[in-house]
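Please look through the following report on one parallel sheet, the helices packed on it and one enclosed helix.

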Amino acid sequence: MGTSVQVTPLSGAYGEGPLCYLLAVDGFRFLLDCGWTDLCDTSQLQPLAKVAPTVDAVLLSHPDMMHLGALPYAMKHLGLSAPVYATEPVFRLGLLTMYDHFLSRWQVSDFDLFTLDDVDAAFQNVVRLKYSQNYLLNDKGEGIVIAPHVAGHLLGGTVWKITKDGEDVVYAVDFNHRKERHLNGTVLGSFVRPAVLITDAYNALNNQGYRKKQDQDFIDSLIKVLATGGSVLLPVDTAGRVLELLLLLDTYWDERRLQYPIYFLTNVSTSTVDYVKSLLEWMGDQIAKSFESSRANAFLLKKVTLIINKEELEKLGDAPKVVLASMASLEVGFSHDIFVEMANEARNLVLFTEKGQFGTLARMLQVDPPPKAVKVTMSKRIPLVGDELKAYEEQERIKKEKALKANLVKEEELKASLGSNAKASDPMVIDASSSRKSANAGSHFGGNTDILIDGFVPPSTSVAPMFPFFENTAEWDDFGEVINPDDYMMKQEEMDNTLMLGPGDGLDGKIDDGSARLLLDSTPSKVISNEMTVQVKCSLVYMDFEGRSDGRSVKSIIAHVAPLKLILVHGSAEATEHLKMHCAKNLDLHVYAPQIEETIDVTSDLCAYKVQLSEKLMSNIISKKLGEHEIAWVNAEVGKEDEKLILLPPSSTPPPHKPVLVGDLKLSDFKQFLENKGWQVEFAGGALRCGEYIMVRKIGDSSQKGSTGSQQIVIEGPLCEDYYKIKELLYSQFYLL
């Protein structure tokens with residue numbers, strides 16, 4: 001049998017809840033994402049609580065709440081202790097996302113599900129990988145290789161490929177094939193025939209229009225409101241899709257020289273942009289090339305002001321402005337408070353760029369038609385004064401006294417357990433009477449003798465005072481003590497942590513100064529809340545800037561990748577069933593859509609064997625370089641040696657084989673190649689016209705049932721000189737075996 005694979009959704013199946021899945025590969029248990037909603041409902045984590053202690057590794061795909069929000073809570077309360085793997089941006093931006101979420105909660109409630117220390121502890125031992133880096137697991141996971149690849153949805157977003165014995169399991173949720181301002185499109189389309197593909201049905205029923213028109217409609221909506229004296233609120237995430245919006249607004253405002261102020265308001269806004277400035281190598285090609293040629297950093301924002309409190313906004317009063325504020329759900333955070341202030345003005349606009357999470361205020365406002373009034377809870381933290389402060393101080397004093405008494409009791413019990421002979425046998429115990437005797441005895445021999453023995457009592461077996469002595473066993477050479485240089489070198493993780501820390505407390509380097517002062521302020525405080533009804537008179541608009549592939553593209557990518565088995569997760573019941581029926585009808589796939597806590601076995605039906613190539617066979621192989629690998633055609637016979645399968649040279653001359661062309665040619669790449677060679681080429685009717693007479697086209701039945709996604713390249717035209725030149729150039733794009 002092939003590699004054993006089982007998948008169990010713990011959340012985010014037949015629904016749009018947070019993403020969390022258990023994947024077992026030959027008994028090694030991966031936790032794929034560990035998401036939570038902004039509501040922080042612990043009942044959502046019950047399935048995770050049952051399996052958290054048994055998890056061997058955690059793979060994070062994106063730096064937002066829906067993919068990693070439950071990680072600190074799971075590690076503190078649910079027994080999750082496995083190593084975590086993520087890309088550098090997911091690590092850094094995920095950390096800031098959790099800081100922002102905690103601060104937003106703490107400012108309006110006595111939030112105790114996790115603390116900033118818990119967040120730090122959860123992210124402390126994250127193993128950070130680069131795109132396409134193959135990481136070999138050890139111990140229980142020996143033989144398993146994991147590798148992150150570009151997802152295209154968020155900065156650092158990952159499509160995970162898990163390989164065991166030549167079989168691939170691909171976890172690809174929330175991917176985007178479109179190239180955006182700050183991100184390249186996903187590389188998922190380059191994978192061919194994985195054993196298992198786990199993907200989402202979130203956008204299966206949605207189809208998107210052209211990006212340029214979408215961007216223009218977005219800008220027009222803002223300008224229309226600002227021109228009439230209104231303000232615009234964009235509820236956004238902390239460090240995810242907001243980056244694309246910041247670039248879009250900053251670029252347009254700069255080109256048109258608009259003067260309306262734009263504010264990016266989160267508890268960690270300045271830290272977020274500072275970190276993003278240093279992550280250019282993870283972004284799109286255009287940003288990287290711009291930086292290489294002119295040292296222009298796209299995130300040196302010219303028209304966007306970064307703020308961490310509402311004081312700047314209050315100075316403007318009712319002046320027109322654009323505010324991007326967290327959280328996108330409107331449950332807590334600055335966006336919640338600003339919405340309450342803006343909602344009763346008909347000239348204002350609240351523009352949603354992503355679908356709200358179920359059960360949140362944002363989702364409630366996105367229904368059609370929107371509600372005319374909503375109930376909200378307004379909360380704030382204020383310092384204690386008067387009798388409340390005195391009562392608090394009295395409680396703290398009583399707590400300290402109780403803690404002190406408990407420590408004293410423990411010390412007395414410890415002394416009693418040591419026994420009455422403990423003092424006599426311990427050379428470091430101070431004894432007042434013995435000290436005086438020692439001092440008097442020392443006076444007979446000189447004034448300074450008592451300094452050596454005063455306060456120390458020798459054990460009964462010694463004839464002189466004894467002191468601790470540690471022998472130095474170090475080696476020495478002509479230059480002094482021999483040292484190990486590794487003892488004096490900082491590990492990469494320590495260097496990263498040092499760079500993240502500022503002067504003083506470690507919080508200063510990770511969150512903004514104002515937020516740090518708020519946390520470090522030890523003034524006793526309390527939270528006061530009051531419920532109120534808000535009349536929704538402002539405009540409410542939703543525009544899709546979520547950065548996910550639409551339904552048509554998802555179906556096309558699945559058909560191209562052509563996995564042996566497909567597992568659908570994270571999508572409404574309607575979207576999941578739609579995509580399941582489409583794939584089952586039009587593609588030769590085994591399609592599964594498990595419910596939460598339903599385990600499905602997708603073990604491959606293929607048999608995999610490990611074979612060793614004999615030295616005699618290897619000496620006769622002529623290999624060709626193909627990217628990072630070498631390929632060759634091998635004719636061999638299977639034999640056994642020391643109970644292992646081994647490939648040996650054939651005993652007789654094998655028959656000749658048909659030539660095989662290895663490679664995957666895109667017509668757009670071939671067009672660029674021919675243009676560089678001086679040819680006049682253009683696309684016409686889905687084919688590539690080369691010169692006057694020659695047409696190159698791809699044909700195949702990748703959309704038909706039973707197809708493996710393979711296609712043929714056909715050259716059409718008269719047998720002229722150009723025909724043979726194009727044929728030769730086309731063959732040069734492949735490897736011939």
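The text below takes the sheet, then its helices, then a buried helix.

This is a predicted model, in which local features need pLDDT of at least 70, side-chain atom pairs count only at pLDDT 80 or more, and totals for chains, interfaces and linings use all residues. Residues are numbered from 1 along each chain as its sequence is written, and side-chain values use heavy atoms, with hydrogens and water left out.

Helices (H or I, at least four residues) and strands (E, at least two) are DSSP runs numbered from the N terminus, and two strands pair if DSSP finds at least two bridges between them. An open sheet is built from six strands in the order 14-13-15-12-16-21, with parallel pairing. Its edges are strand 14 (304–307) and strand 21 (539–542), each of which pairs on one side only. From one strand to the next, the twist averages 20°. Strand 16 (residues 349–352) runs parallel to strand 21 and is joined to it by four bridges; L351 stands opposite V541 in strand 21.

Two helices pack on the sheet, as tabulated here; contact means heavy atoms within 4.5 Å, and angles run from 0 to 180 degrees between N-to-C directions, the axes being lines fitted to C-alpha atoms, for helices over the stretch in contact.

| Helix | Strands touched | Angle between directions |
|---|---|---|
| Helix 7 (residues 242–256) | strand 12 (232–235), strand 13 (262–265), strand 14 and strand 15 (322–325) | about 165° with strand 15 |
| Helix 8 (residues 269–277) | strand 13 and strand 14 | about 125° with strand 14 |

Helix 11 (residues 334–342) is largely enclosed by the rest of the structure, because eight of its nine residues are buried, a term that means under 20% relative accessible area with a 1.4 Å probe, protein chains only. H336 lies in helix 11 and counts as buried because its relative accessibility is 7%. Leaving aside neighbours within four places in sequence, H336 is in contact with L330, E331, L361, V376, T377 and M378.

Conventions
Buried < 20%, exposed > 50% of the residue type's maximum accessible area, 1.4 Å probe, protein only.
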